[in-house]
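Biologist: Let us go through this model together. I will ask, and you reason from the coordinates.

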Amino acid sequence: MTVRLPLTVRYAETDAMGVVHHSSYVVWLEAARVEWLERVGLPYPEVEAQGLAFAVVELGLTYRRAARFGEVVEVEVWLAELASRTLSYRYRVWRGEALLAEGFTRHLCQDARGKAARIPSHIAQVLGAHLGS
């Protein structure tokens, strides 16, 4: 399942030239990922309430075009990989038909002590049902 999250570029996300700073994209990816989890029926606060977290252990972004203050962009996200302890998402950031950036994040399931943990079967089942774009 693919989710597209529309966002309006805020002034605070830009540099002195009005171009979105590269670090803002990381925040956008997180917002899209949290929205994806909500839509598949795994609201992240409920995951955390079970003593689990999906820690980001790797992130990559390729920037194609600039976004600017006031523009509406859409962050597209889908679950690309699922293993016993890890999962990976892929992303594309769009302004209309223009691809602005694309990337990925890889996450490690952790327990409440921050130790690596297997993704519980009831969560893995939901994630697996929505694997792919």
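Biologist: Is Lys-115 buried, partly exposed or exposed?

Modeller: Keep in mind that this is a predicted model. Lys-115 sits in the loop between E5 and H3. Its relative accessibility is 49%. Exposed means over 50% and buried means under 20%, so Lys-115 counts as partly exposed.

Biologist: Which residues does Lys-115 touch, not counting residues up to four places away in sequence?

Modeller: Leu-52 is 63 residues from Lys-115 along the chain, and their C-alpha atoms are separated by 9.7 Å. Contact means heavy atoms within 4.5 Å. With residues up to four places away in sequence left out, Lys-115 touches Cys-109 and Gln-110.

Biologist: In what order do the strands of the open sheet run?

Modeller: There are 5 strands, and the pairing is antiparallel. Strands E1 (2-8) and E2 (53-63) each have a single partner strand, so they stand at the edges. The twist averages 25° from one strand to the next. The order is E1-E3-E4-E5-E2.

Biologist: What is the bridge partner of Trp-78 in E4?

Modeller: E3 covers residues 72-82 and E4 covers residues 86-95. The two pair in the antiparallel sense over 8 bridges. In E4, the partner of Trp-78 is Arg-90.

Biologist: What angle does the direction of helix H3 make with that of E3?

Modeller: Helix H3 spans residues 121-129 and packs on the sheet. It touches E2, E3 and E4. Its direction makes an angle with that of E3 of about 120°.

Biologist: Which residues form the covered face of E1?

Modeller: E1 runs antiparallel to E3, joined by 7 bridges. Arg-4 has Glu-76 as its bridge partner in E3. Arg-4 belongs to the uncovered face, with Thr-2, Pro-6 and Thr-8. The covered face is Val-3, Leu-5 and Leu-7.

Biologist: Which element gives the most residues to the largest nonpolar core?

Modeller: In soluble globular proteins, nonpolar side chains tend to be buried together. Here the largest nonpolar core has 34 residues, and Tyr-25, Trp-28 and Trp-36 are among those with the most contacts inside it. The elements that give two or more residues include E1, helix H2 (44-49) and H3. The most, 6 residues, comes from H1.

Biologist: Which residues does Phe-54 touch, not counting residues up to four places away in sequence?

Modeller: Phe-54 is one of the residues with the most contacts inside the largest nonpolar core. Tyr-44 and Val-47 are among the residues it touches. So are Leu-87, His-107, Leu-108 and Cys-109. The list is completed by Ile-119, Ile-123 and Leu-127.

Biologist: Is Arg-33 buried or exposed?

Modeller: Arg-33 is found in helix H1. It touches Val-56, Val-77, Tyr-89, Tyr-91, Thr-105 and His-107, not counting residues up to four places away in sequence. Its relative accessible area is 9%, so Arg-33 is buried.

Biologist: With which side chain does the side chain of Arg-33 make a polar contact?

Modeller: Start with the residues Arg-33 touches, which include Tyr-89 and Tyr-91. The polar contact has a distance of 2.9 Å. The partner side chain is that of Tyr-91.

Biologist: How many residues apart are Glu-35 and Arg-39?

Modeller: Their side chains meet in a salt bridge, at 2.8 Å from N to O. Glu-35 is partly exposed at 24%, and Arg-39 is partly exposed at 45%. Both lie in helix H1, about one turn of the helix from each other, which is 4 residues.

Biologist: Where does Glu-71, the salt-bridge partner of Arg-95, lie?

Modeller: The side chains of Arg-95 and Glu-71 meet at 3.2 Å, N to O. Arg-95 is partly exposed at 25%, and Glu-71 is partly exposed at 21%. The pair links distant parts of the chain, 24 residues apart. Arg-95 is in strand E4, while Glu-71 is in the loop between E2 and E3.

Biologist: How many salt bridges does a search of the whole structure find?

Modeller: Side chains of opposite charge can pair when their charged atoms come close. Asp-111 and Arg-113 form one such salt bridge, with the closest N and O atoms 3.2 Å apart. Arg-113 is exposed, at 68% relative accessibility. The search of the whole structure gives a count of 10.

Definitions and conventions
Residues are numbered from 1 along each chain as its sequence is written. This is a predicted model: local features need pLDDT of at least 70, side-chain atom pairs count only at pLDDT 80 or more; totals for chains, interfaces and linings use all residues. Side-chain values use heavy atoms; hydrogens and water are left out. Two strands pair if DSSP finds at least two bridges between them. Axes are lines fitted to C-alpha atoms, for helices over the stretch in contact, and angles run from 0 to 180 degrees between N-to-C directions. Buried means under 20% relative accessible area, exposed over 50%, partly exposed in between (1.4 Å probe, protein chains only). A nonpolar core is a set of buried Ala, Val, Leu, Ile, Met, Phe, Trp, Tyr and Cys residues joined through side-chain atoms within 4.5 Å. A polar contact is a pair of N or O atoms within 3.5 Å; within protein, one must be able to donate a hydrogen and the other to accept it, and residues adjacent in sequence count only if both atoms are side-chain atoms. A salt bridge is a side-chain nitrogen of Lys or Arg within 4 Å of a carboxyl oxygen of Asp or Glu.
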